[in-house]
Every structure is written in C-alpha cells, then in structure tokens.
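Work through the exercises below with the structure open. Try each task before you read its solution.

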Amino acid sequence: MITSSAPGKIFLFGEHAVVYGKTAIACAIDLRAHVTVEEAPTVQMKGPGGSVDLNPRKHPYIYSVVEKFKGFTDVTGVNIDIHSDIPVGSGLGSSAAVTIATIKALDAYYGTNLTLEDIAHMGHQVESEVQGRASPTDTFVSTFGGMVQIPDRKKLGFYDMLIVIGNTGKFSSTRKIVSNVAALKERHPIVIGQIMDTISAISETGIEFIQEGDFHTVGELMNINQGLLDSIGVGSKELSELVYASRKAGALGSKITGAGGGGCMIALCEHKNLSRVAHAIKRAGGDSFICRTSHVGVRIE
Ligand code: MEV
C-alpha cells in the first residue's frame with residue numbers, strides 16, 4: 001500500500017493578469033489531497049459504498065491519469081482511494097492536487113521513476129484534457145510546493161504566511177469568467193490593459209515586501225489587487241462580504257483567490273487575529289479554514 005499527497009494553492013497576487021502574460025504569485029498551502037493505492041483485481045476507485053471500476057464519466061481525472069500510465073507501463077489492477085482537505089470547485093486547485101497525488105502514487109506503485117517535471121507535465125496534460133483549457137499553475141505549484149512567480153514558474157524563497165480562506169460555497173466557472181474578462185478587455189483595451197499592467201506591478205512589488213517579511217505592506221497590496229479584481233467584474237456580493245468582514249476583524253489584507261465570481265477569498269493574518277478573522281468570515285456567511293503557506297509539494301507519505 002502506498003499513500004501520496006499533494007497541496008492546494010492560492011494566488012497571493014495576479015490572477016487574471018497572468019492570462020495576459022503578466023506577473024502573478026501563487027503559493028502552495030497546507031491543505032492537501034491524499035491518495036492511497038493498493039493491489040486489486042481491476043483498476044478501481046474506492047467510494048462510500050465500496051470499490052467500483054474506474055469510469056471516465058465519474059472519475060475523469062483519475063481515468064485520464066491511468067490511460068497515460070498505460071502508454072508507458074504495464075498497468076495491473078489497483079485500488080485508488082482519495083481523501084482531500086481541499087474544497088472542490090472553489091479555486092484552490094483541488095483537481096490538480098488529486099491529479100498530481102495520483103500520478104505520484106501510481107509512479108511509486110509501478111516503479112516508473114517519473115521526475116517532478118514529468119509529473120507536473122502529465123498533470124497539466126490531464127487537466128487540459130478534462131477541462132478543455134487549464135492553466136499549468138495549479139499542477140506546477142501542487143508538484144513543486146512553495147511560492148512561485150508565474151508565468152516564468154520561478155520558485156521564490158519560502159515565507160511562512162498565516163492565511164484564512166473564506167469559501168462562499170458558490171460554484172463559478174473559470175472558463176466563463178476568463179472569457180467575460182476577455183470580452184471586457186476587447187471593449188476597453190487601453191483601460192483593462194492598464195489594469196492588468198498595474199496588477200502585474202502589484203505582484204512584482206509584492207515579491208519584494210514578502211521577501212522582507214513586511215506583511216503589513218503585503219496586505220495593503222492585496223487590498224489594492226482586490227479593488228482591481230472588482231473593477232474587472234470578477235467580484236461578487238458574497239466575496240465582498242467576506243473580504244470586508246475579514247478586514248474589519250483585523251486581517252492585514254484580503255482578496256479573491258482564483259477566478260472569482262464565487263469560490264474563495266484569502267485573508268492574510270497575524271497570529272493574534274486568526275480565529276477572530278475565521279469567525280468573522282463565518283458570521284458573514286462563508287466557510288472558513290485557517291491554513292498556512294507550505295513549501296511541501298507532492299510526496300510519498
Ligand atoms: C484561475 O484560478 C486563475 C486565472 O488567472 C486563470 C488562469 O490563470 O488560467 C483566472
């Protein structure tokens with residue numbers, strides 16, 4: 001029996017701008033997906049009612065991973081069991097974490113010696129096949145862990161940051177939101193282009209202050225980034241309520257993470273305010289999780 005795990009991720013700065021080649025900072029968090037594999041008569045998935053044969057409609061990510069393994073190794077029967085701390089469909093990279101952890105578990109099980117680059121690449125291929133369009137950020141961060149400057153995929157030094165995640169519980173389609181932003185940019189190319197440039201400048205300035213450990217200024221920059229995300233139409237009433245509740249409770253800064261429209265926000269906190277902020281987010285109608293940034297990428301447990 002082999003268990004592997006891989007992390008979810010947040011955007012500290014720069015989502016949406018990164019679609020236009022601008023700078024963003026993504027970071028792994030200590031919420032992880034765990035995948036356990038063990039010998040079985042067929043390739044199957046463990047579910048609440050027992051194990052079932054792998055099904056491309058019900059288990060598209062795992063099915064696609066197994067198909068990829070069939071391309072270069074002899075895939076014998078295996079039972080795949082998934083447990084994840086990462087809320088699904090909320091912009092925290094839960095499908096990437098499950099995909100990457102499954103690749104790592106099967107790599108160890110079949111002894112295929114994939115490198116981390118191979119794992120990240122295969123993970124991105126799987127996400128692209130299942131989702132139609134997928135950013136390589138989620139699979140890259142989930143594989144390597146730590147803080148990453150994108151689009152260059154430059155790993156930055158690691159900085160321990162305390163974060164409260166607020167989940168609106170509202171599903172939003174990344175593809176639809178990205179295409180709404182593209183339409184807005186087409187109607188107002190100069191205005192939206194300059195907003196994307198400013199978001200990029202926020203990411204670049206943010207890196208300096210993260211490296212100095214000046215989290216008050218990092219928080220201030222997150223708040224400016226949030227204002228600009230609102231200006232390109234990716235906010236929502238629910239997200240704003242969580243953002244403002246967290247700031248009122250003492251967060252250093254707070255913003256949407258990921259595509260917006262629903263999904264999650266993040267609040268950067270000092271230790272003394274963590275539980276106050278988490279409670280404030282709950283009172284404002286969200287689900288909240290306290291987490292920290294993490295340097296740990298995919299690994300065998
Ligand atoms: C979505 O998690 C982040 C976006 O920047 C899209 C992307 O990077 O592909 C909105």
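**Exercise 1.** Which residue lies over the face of Y244, and at what distance from the ring centre?

*Solution.* This is a predicted model, where local features need pLDDT of at least 70, side-chain atom pairs count only at pLDDT 80 or more, and totals for chains, interfaces and linings use all residues. Numbering starts from 1 along each chain as its sequence is written, and side-chain values use heavy atoms, with hydrogens and water left out. Start with the criterion: NZ of Lys or CZ of Arg must be within 6 Å of the ring centre and within 35 degrees of the ring normal. Now find Y244. R247 lies over its face, 5.2 Å from the ring centre.

**Exercise 2.** Work out the strand order of the open sheet formed by four strands.

*Solution.* Strands are DSSP runs of E with at least two residues; helices are runs of H or I with at least four; both are numbered from the N terminus. Two strands pair if DSSP finds at least two bridges between them.

1. Take β8 (residues 162-167) and β10 (residues 264-269): six bridges join them, and they run antiparallel. Here I163 stands opposite L268 in β10.
2. Extend to the full order: β9-β10-β8-β11, with antiparallel pairing.
3. Mark the edges: β9 (253-257) and β11 (287-292) each pair on one side only.
4. Add the twist, which averages 25 degrees from one strand to the next.

**Exercise 3.** Which strands does helix α8 lie across, and which does helix α9 lie across?

*Solution.* Angles run from 0 to 180 degrees between N-to-C directions; axes are lines fitted to C-alpha atoms, for helices over the stretch in contact. Contact means heavy atoms within 4.5 Å.

1. Helix α8 (residues 237-248) lies across β8, β9 and β10, at about 10 degrees to β10.
2. Helix α9 (residues 274-283) lies across β8, β10 and β11, at about 155 degrees to β11.

**Exercise 4.** Describe the aromatic pair of F69 and Y110.

*Solution.* Rings of Phe, Tyr and Trp (its six-membered ring) pair if their centres lie within 6.5 Å; planes under 30 degrees apart are stacked, over 60 edge-to-face, the rest tilted.

1. The structure holds four aromatic pairs.
2. F69 and Y110 are tilted: 6.2 Å centre to centre, 45 degrees between the planes.
3. F69 lies in helix α1 (residues 60-70) and Y110 in helix α2 (residues 94-110), so the pair ties together parts 41 residues apart in sequence.
4. Buried means under 20% relative accessible area, exposed over 50%, partly exposed in between (1.4 Å probe, protein chains only). F69 is buried at 0% relative accessibility, and Y110 is buried at 15%.
5. F69, F72, Y109 and Y110 form one aromatic cluster.
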